[in-house]
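Reader: I would like to understand how the terms used for a protein model are earned. Could we go through them slowly, setting each value against its definition?

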Amino acid sequence: ALKDPILERVSALLAESYAIHKQLDSAAQLAKVRYFNALSHLNDGHYEQAKRYYSDAARLFRELVDWAGERGVLLDRAVIDIDTGNSIEAIDALKQLQRSELQNNPNPSESDRNFVATVLDQLGTAHKNVGNIDEALTAFTRAQEMHHALGDLHGEAESLRGIAGLYLELGDLDNARTFLQQAQEVAEASNNGRVLGVIHTTLGNIEYSAANFAAARDAQTKALELTPEAGPVRAHREILLARTLVALGEFDDARTLAMRALADAKLSGSPRSEADALRQMGMALDGLHRPEDSIEQLEQARRHYESLGLTDGLAAVDNAVARLLARIALSEPDPDQQAVRLDEALQRSSRSLDYVDRLLGKVSAPELRAWYGASYRDYYQAHIDLLLQRNGIDANPGNRYVSEALSTSERARARMMMDLLNEASVDLQREIDPGIAAEMEELIDKL
């Protein structure tokens, strides 16, 4: 049932209107009614029902050969997929929308170009959500250039905020702050309150990444004040604030907020937010010294991430579970049980590094990959610490775990070094002194 009595009445009126227009065989009005059906369910948080109505509206507009009407509802449907965690499905839909737009409008008007820029913004967000860093940066940059050329300040603020969020994801806080400042200036000039809420969210994330947790809490609290009472956006921002509260050591408040976020995520049909909320509940329980309960919540989050194909979430959960298992091992009085727990921890930690390698493999630009890799450096260090801990209780101490620790260390160093060499290779090969070139080759052979 619809939550809001007004929306319930609207839905009833739309049903009556649809029946009348069906009798009159008025296809154009039927399409509009289905569009308003979708909006009413979207506003009430019934996202799957809204998607069905959007699909029906798109079909009706297609039958009318009304591309302007069809493309609008297709974009709205893709945005629901992004907001509810179905970003891979959204990417496919948005790419198809780009192709169809080009076919239908080979000589685009200003309005058509604005629509394409908006599609690119959403495509950037969807690519970012699944870790396609290069594609996301390309989409956001193209969108920003188009919005700027069209004088569309609202759109330009969206694109700049997207670029800032992407650099934040990479761990490049300087560029993140630069683009966020630009986004804020443009948003304030256009009086775009919705984007200002997103900007406060991104600012909170930047402060969190810089370990300025009190400032992060202030920014994220402000963002929540600018957020509607229900929906996936609210759930997402509650999760971010819960994460910050964990970092501040306010574990009870963090768990309460994460539980509220989980309820909001379930209500809005957002599996990604459900997973993120469960993960923050697990982290809060860890802070409350309840490791077994923490692992239970993290494993639930992992199942969601796995079903959605979200590598970053899988890496984070396996890393967190590995650390918890290692701490549980320390409390085991039986050395054999300690070894079992540590072996489990090592398996989870090793798997998290495999996921990290997959994430880094999606970034082709060496300078961006170096930033992104640095943000996961503690995953490698945690694995090294586990190996050394396991070596310390080994009944037959030898070089096995120490060798693996050194291998892990070199694995991280080698990736960063190769990125730096690739980035500098053009300059190194240009007009290089033959003697230095020979020495360089010798050093690389030794390395």
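The dialogue below takes up aromatic rings, burial, helices, empty spaces and backbone angles in turn.

Author: The model is a predicted one, in which local features need pLDDT of at least 70 and side-chain atom pairs count only at pLDDT 80 or more, while totals for chains, interfaces and linings use all residues. Residues are numbered from 1 along each chain as its sequence is written, and side-chain values use heavy atoms, with hydrogens and water left out.

Reader: Why are Y167 and F179 called a stacked aromatic pair?

Author: Rings of Phe, Tyr and Trp (its six-membered ring) pair if their centres lie within 6.5 Å, and planes under 30 degrees apart count as stacked, over 60 as edge-to-face and the rest as tilted. A search of the whole structure finds 4 aromatic pairs. In the pair of Y167 and F179 the centres are 5.6 Å apart and the planes differ by 10 degrees, so both values fall inside the limits for a stacked pair. This pair links distant parts of the chain, with Y167 in helix α8 (residues 153-170) and F179 in helix α9 (residues 173-189), 12 residues apart. A helix here is a DSSP run of H or I with at least four residues, numbered from the N terminus.

Reader: What makes Y167 buried or exposed?

Author: Buried means under 20% relative accessible area, exposed over 50%, and partly exposed in between, for a 1.4 Å probe and protein chains only. Y167 has a relative accessible area of 13% and is therefore buried. R177, which lies in helix α9, counts as partly exposed because its relative accessibility is 34%.

Reader: Which residues form an aromatic cluster, and how do you know that R243 lies over the face of Y208?

Author: The cluster is made of Y35, F36 and Y54. As for the charge, it sits over a ring if NZ of Lys or CZ of Arg is within 6 Å of the ring centre and within 35 degrees of the ring normal. R243 lies over the face of Y208 at 3.8 Å from the ring centre, and R71 lies over the face of F115 at 4.4 Å, so both distances satisfy the 6 Å limit.

Reader: How do you know that helix α12 is mostly covered?

Author: Of the 16 residues in α12, 12 are buried, among them P232, I239, L240 and L241. R234 has its place in this helix, and it counts as buried because its relative accessibility is 14%. The C-alpha atoms of R234 and D264 are separated by 7.5 Å, although the two residues are 30 residues apart along the chain.

Reader: Why is the span of α12 called close to the expected one?

Author: The expected span of a helix is 1.5 Å times one less than its number of residues. Helix α12 (residues 232-247) reaches 23 Å from its first C-alpha to its last, close to the 22 Å expected.

Reader: What makes one space a cavity and another a pocket?

Author: On a 1 Å grid over the protein atoms alone, a cavity is a set of points where a 1.4 Å probe fits but cannot get out, whereas a pocket is an open set with protein on both sides within 12 Å along at least five of seven lines; lining residues have an atom within 4 Å of a point. The search finds 2 cavities of 30 Å³ or more. The second largest cavity has a volume of about 30 Å³, and G45, Y47, A230, G231, D264, L267 and S268 line it. The second largest pocket has a volume of about 190 Å³, and α5 gives the most to its lining, with 4 residues.

Reader: Which residues have a positive phi without being glycine?

Author: V65 has a phi near 55 degrees, and A211 has one of about 65 degrees. V65 is found in the loop between α3 (47-63) and α4 (67-83), and it counts as exposed because its relative accessibility is 75%. A211 has its place in the loop between α10 (193-209) and α11 (213-225), and with a relative accessible area of 46% it is therefore partly exposed.

Key. Helices (H or I, at least four residues) and strands (E, at least two) are DSSP runs, numbered from the N terminus. Grid points are joined across faces, edges and corners, and a volume is the space filled by probe spheres set on the points.
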